[in-house]
Amino acid sequence: MTTTDVAPGRSKLTRGRLPGFAPWVSLAVALVLGAAAVAVPGFTPFGWGIASAIIFAIVYVAWSRAVEGGRKAADKLATCLVVGAFLVALLPLVSVIWTVLVAGIPGLLTPGFFTTSMNGVTGVFDNRAVEEGGPVIGGIYHALLGTLMITLLATLISVPVGLLTSIYLVEYGQDKPLARAITFFVDVMTGIPSIVAGLFAAAFFFLVVGPGTKTGFVAAVALSVLMIPVVVRSSEEMLKIVPNELREASYALGVRKWRTILKVVIPTAISGIASGVTLAIARVIGETAPILVTAGFATTINNSPFAGWMASLPTFIYTQILNPTSPSNPAPSDQRAWGAALVLIILVMLLNLVARIVAKAFAPKTGR
Amino acid sequence: MTTAPPRQAERAGVPAAIAAQDSPRGDKVFSTLALTAGCLILAVLFGVAVFLVVQAIPAFTADPADIQGGKGFLAYIAPIVIGTVIAAAIALVIATPISIGVALFITHFAPRRIASALGYVIDLLAAIPSVIYGAWGASFLAREISPAYVWLAENAGWIPIFSGPASATGKTILTAGIVLSVMVLPIITSLSREIFLQTPKLHEEAALALGATRWEMIKMAVFPFARPGVVSAIMLGLGRALGETMAVALVLSSGALTVSLVQSGNQTIAAEIALNFPEASGLKVATLIAAGLVLFVITLAVNMVARWIISRHKEFSGAN
Amino acid sequence: MSKRIDVKDLNVYYGDFRAVEGVNISVAPRSVTAFIGPSGCGKSTFLRTLNRMHEVLPGARVEGQVLLDGDDLYGPGVDPVAVRSHVGMVFQRPNPFPTMSIRDNVLAGVKLNSKRLSKSDADELLESSLRGANLWNEVKDRLDKPGSGLSGGQQQRLCIARAIAVKPDVILMDEPCSALDPISTLAVEDLINELKENYTVVIVTHNMQQAARVSDKTAFFNIAGTGKPGKLIEYADTSVIFNNPSEKATEDYVSGRFG
């Protein structure tokens, strides 16, 4: 075997490559120049970050263009832009969560926040709280109760309808025109603006029960319109991945189709279905607009979803911010709104977490 | 995989006992139930349209002078339709490039080990309720961004969309559009991500083996494959942006239609309904429901086009 | 154009798993070398290390040297993108870009490097590449039709045309005929015979008759068992491997006793 040693010096394959430290040098340059650039209008960490990022991209890409040529520079520019896009997308997430935490914790820690409603809380109390430094009174009990009841009712309507529909699509539909139509319109339904769903429920009950019918149940119907398509889609996916061998094994034992579905197919897919339902709940629990037009907003505790206006966490946040209890001193209302926002975000995140855990923990071990 | 079916069948319990106590009627009942549920969904969608139309009719037949504004329904709805389109357009102009960038980052740039975790992070954006975005936009973003509007009005005021005087509160249609863009970003991202991941490895490798850089590979293999899917993802994002209520209702200090994006003014259909419906009665209810009907028709059309592109794309990629 | 390849003590890993161990091999320019061996013996993995395409898979890395006329492909500062424009590759399944015309497919790699390719230069290169891939006569009337409309064998030759349009030093082929029918296979095999006049060709094949028909030298790879690394067992002239191998395992394999 001929031994060919590596040619001394750089081979033609290495011609024109940026050294490995190039990004770091560019970054250092960018941080320094960025600080200088931002110092003129007034230094902020945020401005520094933005300026540095832009300068980094310019320095790094220009350097690459000089050493490596246009193709490599274009590749580096694309990389900078793509990474930049991701960082930009993180900004609102971090900012929202930070804002909710900072503004929400004082409200959350107020005594009675979870146990009292806004019944009888007027601007007078808020003015006094601001002027004399007294405690902010009033809480979210009525809203929390309303949210839980409305969401529960919506779930009770949506899960049977959604699950049965997905069963029809997977087990009975077999690409019939009706099944295809349902699939298509379920997809379309996921795109219905939430406020239109609310208007639909309101219009329906105005027509059937009487004008101005606004109750928790109407809100639950509105949320169901939003929730059913989500449940159908996720359950459908889950039922589809149940292996056909299972169904055939059951049929071969002389079990009828409907029992096969109930006793074999659904138990196999149950973790995925449960996870999908949880995610659907998480989606509708934060809906504001449909509740606003169907349940109005109450300040008192209403235990019946079938009579009278009902509060919910999202509409509570909305009204507290838009129409503070005391227009001259909105701070207490803001505090309550952010406290409620924090509770809502925790609820949603918990539901998402539960959905993931359910999907992971109870998944059939042999799925993939 | 090969041993799975018997074991699962056992666990799911298919004892002969079930078979014994069975009657054919159960099958009939159950399939009918499933069919009914499916039809119910179609009925609901149909019902949405019918009930909205029935309740909206008074707004179309009423004396134009009685409609808010006094010039009839068309004169009432036209500016808020335009406002809706402006807000959605701002949202898409901002969200589309960022979403595609994020989707590319997660699928083709980020280290594979953390890519799915980064996907979850972006999904968190979708989990945050819209009212919280609205509150954030109204109390944080509007305040922080208003100096930028003042600067724009002073230095770029000759462009009509930046003409001053800029809103002092920052509660403008541009702020609402930015908040909307944050809300549609996870939608466009997650769909684009799925489509980018479906790019055949064969074509990516073909490009790389020709000596393409990563970006050139993406231009040669990923984008041509993903284009229809990304277009429909953007359409779905558009549907969401058109129908989103809270971000606009809380953020925008609404008013008459104006060209300037940095002044207060403009209004969207969804926000108009949310702000007025709770206290509306009589003809006002009919007018707002009619506005909702218009919104429904617009979003329905956008969504149907998007879904149609997706389904056509599926057949296309399945055939290859 | 054509360059020699020298591989020294090459180990290939996927994460912690060593897929290929201790390969030393020299491939002469203007020759066809076939890699044969049972499934999973690492021959395709090894082939992909010759143009650094293995790096596309997560966790893949390499120890050792691959010298292309003395330049180490894995030397410090070497750009995998540059490597791949010197060492072309043809894949198991034909993969023309579905959205591009035949013409654009052939020129896809060239356009990367020379953005301002004149129309006449492009046409000349298009024709010479397609002629080089024995495809010109079949497609000259439909150069603007999509490449995915061709038959499997034509698509594979289109991919070969695309690879040689870049004017590489080496062409790697990873089971190029395994997805083709016998007649298309014959056409590609004829083409391989012609390609060696200008290129160093390395081909992985499952088909021993094919190796015997097209190659000058043959390398036999084998694994001791699942989870063990693949090794180069024997490398010699093709006639020696098939008629008078020195290793028992080679003889067993080429005589069809296993694999």
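The following paragraphs describe the contacts between chains, the nonpolar cores and a set of paired strands in a predicted model.

The contact between chains A and B involves 80 residues of chain B and 86 residues of chain A. On the side of chain B that touches chain A, the element that gives the most is helix α3 of chain B, spanning residues 24–61, with 20 residues. By residue class, this side of chain B comprises 59 nonpolar, 16 polar and five charged residues.

Chain B is also in contact with chain C, through 16 residues of chain B and 20 residues of chain C. On the side of chain C that touches chain B, two or more residues are given by each of α2 (80–86), β6 (87–90) and α3 (102–113) of chain C. The residues on this side of chain C divide into eleven that are nonpolar, six that are polar and three that are charged.

The largest nonpolar core holds 290 residues, and the members that touch the most others within it are A:F200, A:A341 and B:I132. Helix α4 of chain B (residues 72–109) supplies the largest share of this core, namely 17 residues. Because domain 1 (19–107) and domain 2 (141–361) of chain A both give residues to the core, it lies between these two domains. When residues up to four places away in sequence are left out of the count, A:F200 touches A:A222 and A:V225 in chain A, together with B:V48, B:F51 and B:L52 in chain B. Apart from the largest core lies another, made up of six residues, which include A:A30, A:F56, A:Y60 and A:A73.

Within chain C, the pairing of three strands can be followed from one to the next. Strand β1 (residues 5–14) and strand β4 (residues 60–68) of chain C run antiparallel and are joined by eight bridges, and one of the pairs across these strands places C:D6 opposite its bridge partner C:L67 in β4(C). Strand β4(C) is in turn paired with strand β5 of chain C (residues 71–72), again in the antiparallel sense, over two bridges. Here C:L67 has C:D72 as its bridge partner in β5(C), so that C:L67 is bridged both to C:D6 and to C:D72. The strands β4(C) and β5(C) form a hairpin in which two residues lie between them, and C:D69, in the turn, has a positive phi of about 50°.

Methods
Residues are numbered from 1 along each chain as its sequence is written. Chains are lettered from A and ligands numbered from 1 in the order in which they are written. This is a predicted model: local features need pLDDT of at least 70, side-chain atom pairs count only at pLDDT 80 or more; totals for chains, interfaces and linings use all residues. Two residues are in contact if their C-beta atoms, placed from the backbone, lie within 7 Å. Helices (H or I, at least four residues) and strands (E, at least two) are DSSP runs, numbered from the N terminus. Ala, Val, Leu, Ile, Met, Phe, Trp, Tyr, Cys and Pro count as nonpolar, Asp, Glu, Lys and Arg as charged, and the others, Gly among them, as polar. A nonpolar core is a set of buried Ala, Val, Leu, Ile, Met, Phe, Trp, Tyr and Cys residues joined through C-beta atoms within 7 Å. A residue is buried if 20 or more other C-beta atoms lie within 10 Å of its own, exposed if 12 or fewer, and partly exposed in between; C-beta atoms are placed from the backbone. Domain bounds come from an automatic or database domain assignment. Two strands pair if DSSP finds at least two bridges between them.
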